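Open the model in a viewer and keep the selection panel at hand. The stops below say what to select next and what is there.

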Amino acid sequence: MSELDTGEIRTVEIKYFDGTSRVAEIVDREVPYPDGKLIVSRTDPEGIITHANQAFIDMSGYSEEELIGTNHYILRHPDMPAVAFKGLWDTIEQGTKWHGYVKNLRKDGSYYWVKATVIPNIRNGKLVGYTSVRRKPSRSKIAESEALYATLLAEE
Amino acid sequence: MTFNLTVSPDFAPDHISGWYFFNTWLQRQLDTGIHLELYDSFDEQRNDIQADKFDLIYANPYDASMLVRELGFQAIARPANKADETVIAVNAESAFQTVEDLLPGSRIATTDDPDVHTMGMIMLESADLDKGNTEISEYASYVVVAKNLLNNSADAGFFLKEAYDELSELIRSKMRVLVSSQISVVHHTLLVGPRMADHIPAIQAALLTMHENDKGQGVLESMGFSSWEPMDSEQTEFMIDLIDTLID
């Protein structure tokens, strides 16, 4: 759990790249990443979730039915700068692997940090979607990312 | 024509005879000759695989990726309820209680098992440890990894969970598990090469009903399996994509 957590609750409108938005209650409380687990999901080329493993369901707080068919950006935390996701999409759309540290938003408004890797799924030379695998990040990488994203967010 | 079968060298020694029974059983099912060749080392086996020596391979997930994408093999079955998981263990008396307690300079005992080593290193990341700030020593078997923990020549060791669970109770009582992976979708698979592709329907039919008769069930038991489950190409590609995300 982050030492900076206050447990404070705020209501935020989260705007997505496709012009849609939603109002979410954000709780300043970290849920620790479980040891030894990988969170695995797959999306179609547009980012719509097509597969979620049990660790993803458990950590996100959503049911499998709620996740499948939803855009992956449902996990986007308002503390994450848009430029971080632009970097992700620019990388994977070129057909290459992306690594990064991400603060994810749970259904209950609390958050969890991951080290994420996203790769394009190519079948017979054609892009059919993306696989994202998340693993436990170190506290030092979380602290670095918190500082970096706060700076980037302030510039947006 | 005689085909060639090999098995990933990370199975427990108790199951060596099981693979010979399996080979005899499979030859009878297919009415064709198959030669079984076993290896002690992953590197030696990989060289022979690259030299196109094999038609049928029971492969670990890391090698399955290479076999499918580079050599045109097709995964057709996997053992039921047998995912590959990794354990990081320490000496029972060790002061380390969690992975995050391990410090730069830690001595890590591992094997040449590519999946277990990769997953072990991933589980060290949360302690900010990597190959650049740890002392990694590779040993011939999990028993030797355990010995290095017991005599304090290593601070932590990587094990295939199944191999850890099969160590003697005495050895296990002197060690402690820091973390055990729970990935469940990474597993060994049986793959068929291009020369043997015509036999795929017959092999798959034989494997998927193997547990339904006494003879087949006896062979499965000697291999440490309960039954086989089918693998289709999309399940295989999914596993390979997942492995790709774990390799830097």
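Begin in chain A with Ala116(A), whose bridge partner in β7(A) is Arg134(A). This is a predicted model, so every stop describes a prediction.

**Stop 1: the strands around β6(A)**

Select β6(A) and β7(A) together: nine bridges join these two strands, which run antiparallel. A second pair to label here is Asn121(A) with its bridge partner in β7(A), Gly129(A). Then go to the turn. β6(A) and β7(A) form a hairpin with two residues between them, and Asn124(A) in that turn has a positive phi of about 50 degrees.

Next add strand β5 of chain A, residues 98-105, which pairs with β6(A) in the antiparallel sense over eight bridges. Trp98(A) stands opposite Val118(A) of β6(A). β5(A) and β6(A) also form a hairpin, with five residues between them. In its turn, Gly109(A) has a positive phi of about 90 degrees.

Now add strand β3 of chain A, residues 39-43. Five bridges join β3(A) to strand β7 (residues 126-135) of chain A, and the two run antiparallel. Ser41(A) has Ser132(A) as its bridge partner in β7(A).

**Stop 2: Thr117(A)**

Centre the view on Thr117(A), which lies in strand β6 (residues 111-123) of chain A. Is Thr117(A) buried or exposed? It counts as buried, because it has 21 C-beta neighbours inside 10 Å. Leaving aside neighbours within four places in sequence, Thr117(A) is in contact with Lys97(A), Trp98(A), His99(A) and Val133(A), and also with Thr245(B). For a distance label, pick Val40(A): the C-alpha atoms of Val40(A) and Thr117(A) are 9.9 Å apart, with their positions 77 residues apart in sequence.

**Stop 3: the contact between the chains**

Show both chains. 18 residues of chain B are in contact with 18 residues of chain A. On the chain B side, the elements giving two or more residues are α4 (114-124), β9 (175-180) and α10 (233-246) of chain B. Which element gives the largest share of that side? It is α10(B), with six residues. Coloured by class, the side of chain B that touches chain A shows eight nonpolar, five polar and five charged residues.

**Stop 4: the domains of chain B**

Hide chain A and colour chain B by domain: domain 1 covers 2-82 + 185-246, and domain 2 covers 86-180. The C-alpha centres of domain 1 and domain 2 of chain B lie 28 Å apart. Ten residues from domain 1 of chain B and ten from domain 2 of chain B make up the contact. On the domain 1 side, α2 (42-50) and α3 (61-71) of chain B each supply at least two residues. The residues on that side of domain 1 of chain B divide into six nonpolar, two polar and two charged.

**Stop 5: the open sheet of chain B**

Select the six strands of chain B that form an open sheet with mixed pairing, in the order β2-β1-β3-β10-β4-β11. Which strands are at the edges? They are β2 (33-38) and β11 (228-230) of chain B, each of which pairs on one side only. Neighbouring strands of this sheet are turned by 25 degrees against each other on average, direction ignored.

Move to the β11(B) end. Three bridges join β11(B) to strand β4 (residues 74-79) of chain B, and the two run antiparallel. Arg78(B) has Glu229(B) as its bridge partner in β11(B). Then add helix α8 (residues 200-208) of chain B, which lies across β4, β10 (189-192) and β11 of chain B. α8(B) runs at about 5 degrees to β4(B).

**Stop 6: the nonpolar cores**

Finish with the largest nonpolar core, which has 58 residues. The members that touch the most other members are Ile39(A), Ile57(B), Ala64(B), Leu67(B) and Leu191(B). Centre on Leu191(B) and leave aside neighbours within four places in sequence: its contacts are Ile57(B), Ala59(B), Ala64(B), Leu67(B), Phe73(B), Gln74(B) and Ala75(B). Another core, of 30 residues, lies apart from the largest one; Ile88(B), Val99(B), Met121(B) and Leu178(B) are among its members.

Technical notes. Residues numbered from 1 in each chain as written. Chains lettered and ligands numbered in written order. Predicted model: local features only at pLDDT ≥ 70, side-chain atom pairs only at ≥ 80, totals over all residues. Pairing = 2+ DSSP bridges. Helix = DSSP H or I, 4+ residues; strand = E, 2+ residues; numbered from the N terminus. Axes fitted to C-alpha atoms, helices over the stretch in contact; angles between N-to-C directions. Contact = placed C-beta atoms within 7 Å. Nonpolar A, V, L, I, M, F, W, Y, C, P; charged D, E, K, R; others polar. Domains from an automatic or database assignment. Core = buried A, V, L, I, M, F, W, Y, C linked by C-beta atoms within 7 Å. Buried ≥ 20, exposed ≤ 12 C-beta atoms within 10 Å, placed from the backbone.
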